Amino acid sequence: MSASFKGSNSSKFQVSEFILMGLPGIHSWQHWLSLPLALLYLSTISANILVLTTIYQDPALKQPMYLFLGILSVVDMGLATTIVPKILAIFWFDAKAISLPECFAQIYAIHCFVGMESGVFLCMAFDRYVAICHPLRYPLIVTDSFIIKATLFMVLRNGLCVIPVPVLAAQRHYCSRNEIEHCLCSNLGVTSLACDDRRPNSICQLVLAWLGMGSDLSLIILSYALILRSVLRLSSAEAVSKALSTCSSHLILIFFFYTVVVVISVTHLAETKATLIPVLLNVLHNTIPPSLNPIVYALRTKELREGFQKVFCLGLQKK
């Protein structure tokens, strides 16, 4: 598809849309990836709805840890829905064109949801820290009021702090190329097409990442360092095993989430030409965790598995 332009004056032009080319190097057969991606999206939505339904219906799961898991499910569905339908439209219908406002809106939504997921992981780490290190004070600290305030803080922090990212991207001048070697609108991928200086965008994204997700990760590491110190002081091996098992699911998801974030960040900072691996990592990072989170918790959390069984049994009884 040829680039579309609109005249801004007699000598300069501004593109009116971007073209998302898909996965670099495999454009001719990338549509074959649509089936596993569609199945992954359906599993993401269904698994997270199941988690929300189970937490809502089972009184035993009205605990802060599971309420935070429910919030994580909502964020995961939002992130997956922001990305996957557009990718499937590219693969199935060759709908590669995306308007500038739609592209900048996707940049905003992706940054907002990813930041909120990081914030939820921090809240879950704090919840485990208080539960293990200060069990007697746990009901006084992690209350329903605390959960509401923490959720509102995450929404406001990420909803407001990421606004400069799409705003700065929209202020760039796109006068020649409009083809993006990607399946989605990533900030640095889009601004790489700009004819003027894009360094403000790169600096802004780096600063926001360090202030937001960097501080979240630092506090998560601190929380688990304090948890580990407290656990190692326990005299009973059974108590140590039980304490660590309650954190294992969380640690698995945190490790996967932040490892891929670091890899993608380093790739972007290197400013290498778009190749399949970095782009694929970016797509997978935004699609796999939303489906992986409920599965990991279901496999490793006895109370959640029992909740699933109650929901299924209730459904069968109604039939």
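Helices and strands here are DSSP runs, with at least four residues for a helix and at least two for a strand, numbered from the N terminus. The model is predicted.

**Exercise 1. Overall build**

Task: State how many helices and strands the protein has, then decide whether its radius of gyration fits the globule rule for 319 residues.

Solution:
- Step 1. Count the elements. The protein has 11 helices and 5 strands.
- Step 2. Compare the radii. The radius of gyration is 22 Å, and the globule rule gives 20 Å for 319 residues. The two are close, so the protein is as compact as a globular protein of that length.
- Step 3. Add the box. Along the principal axes, the C-alpha atoms fill roughly 75 × 50 × 30 Å.

**Exercise 2. Two helix pairs**

Task: Classify how helix 2 packs against helix 1 and against helix 5.

Solution:
- Step 1. Recall the description. Two packed helices are described by the angle between their axes and the distance between the axes.
- Step 2. Take helix 1 (residues 34-57) with helix 2. Their angle is about 160°, and the axes lie 9 Å apart. Angles over 145 degrees count as roughly antiparallel, so helix 1 is roughly antiparallel to helix 2.
- Step 3. Give the hand. Helix 1 and helix 2 make a left-handed crossing.
- Step 4. Sort the contact by class. Between helix 1 and helix 2 there are 20 nonpolar, 6 polar and 1 charged residues.
- Step 5. Take helix 2 with helix 5 (residues 144-161). Here the angle is about 25°, with 11 Å between the axes. Angles under 35 degrees count as roughly parallel, so helix 2 is roughly parallel to helix 5.
- Step 6. Give the hand again. Helix 2 crosses helix 5 in a right-handed sense.

**Exercise 3. The cavities**

Task: Find the cavities of 30 Å³ or more, and describe the lining of the largest cavity and of the second largest cavity.

Solution:
- Step 1. Recall the method. Rolling a probe the size of a water molecule over the atoms shows where empty space is left.
- Step 2. Count. The structure has 2 cavities of 30 Å³ or more.
- Step 3. Describe the largest cavity. Its volume is about 40 Å³. The lining consists of Met65, Met124, Asp127, Arg128, Thr246, His250 and Tyr297.
- Step 4. Assign the elements. Helix 3 (100-133) and helix 9 each give two or more residues to the lining of the largest cavity. Helix 3 gives the most, with 3.
- Step 5. Sort the lining of the largest cavity. The classes are 3 nonpolar, 2 polar and 2 charged.
- Step 6. Turn to the second largest cavity. The volume is about 30 Å³. Its lining is Phe121, Leu253, Phe256, Phe257, Pro289, Leu292 and Asn293.
- Step 7. Assign and sort again. Helix 9 and helix 10 each supply at least two residues of the lining of the second largest cavity. That lining has 6 nonpolar, 1 polar and no charged residues.

**Exercise 4. The second largest pocket**

Task: Work out which residues lie closest to the centre of the second largest pocket and which helix gives the most to its lining.

Solution:
- Step 1. Give the volume. The second largest pocket holds about 300 Å³.
- Step 2. Find the centre. Among 13 lining residues, Met65, Tyr66, Thr246, Thr301 and Glu303 are the closest to it.
- Step 3. List the elements giving two or more residues. These are helix 2 (64-93), helix 9 (237-270), helix 10 (276-300) and helix 11 (302-318).
- Step 4. Pick the main contributor. Helix 9 gives the most, with 4 residues.
- Step 5. Sort the pocket lining. The classes are 3 nonpolar, 6 polar and 4 charged.

Notes:
Residues numbered from 1 in each chain as written. Predicted model: local features only at pLDDT ≥ 70, side-chain atom pairs only at ≥ 80, totals over all residues. Heavy atoms only, no water. 1 Å grid on protein atoms, 1.4 Å probe; cavity = no way out; pocket = protein on both sides within 12 Å on 5 of 7 lines; lining within 4 Å. Points joined across faces, edges and corners; volume = space filled by probe spheres on them. Nonpolar A, V, L, I, M, F, W, Y, C, P; charged D, E, K, R; others polar. Axes fitted to C-alpha atoms, helices over the stretch in contact; angles between N-to-C directions. Parallel < 35°, antiparallel > 145°, perpendicular 65-115°, else oblique. Left-handed = near helix turned anticlockwise from the far one by under 90°. Rg over C-alpha atoms; globule rule 2.2 N^0.38 Å.
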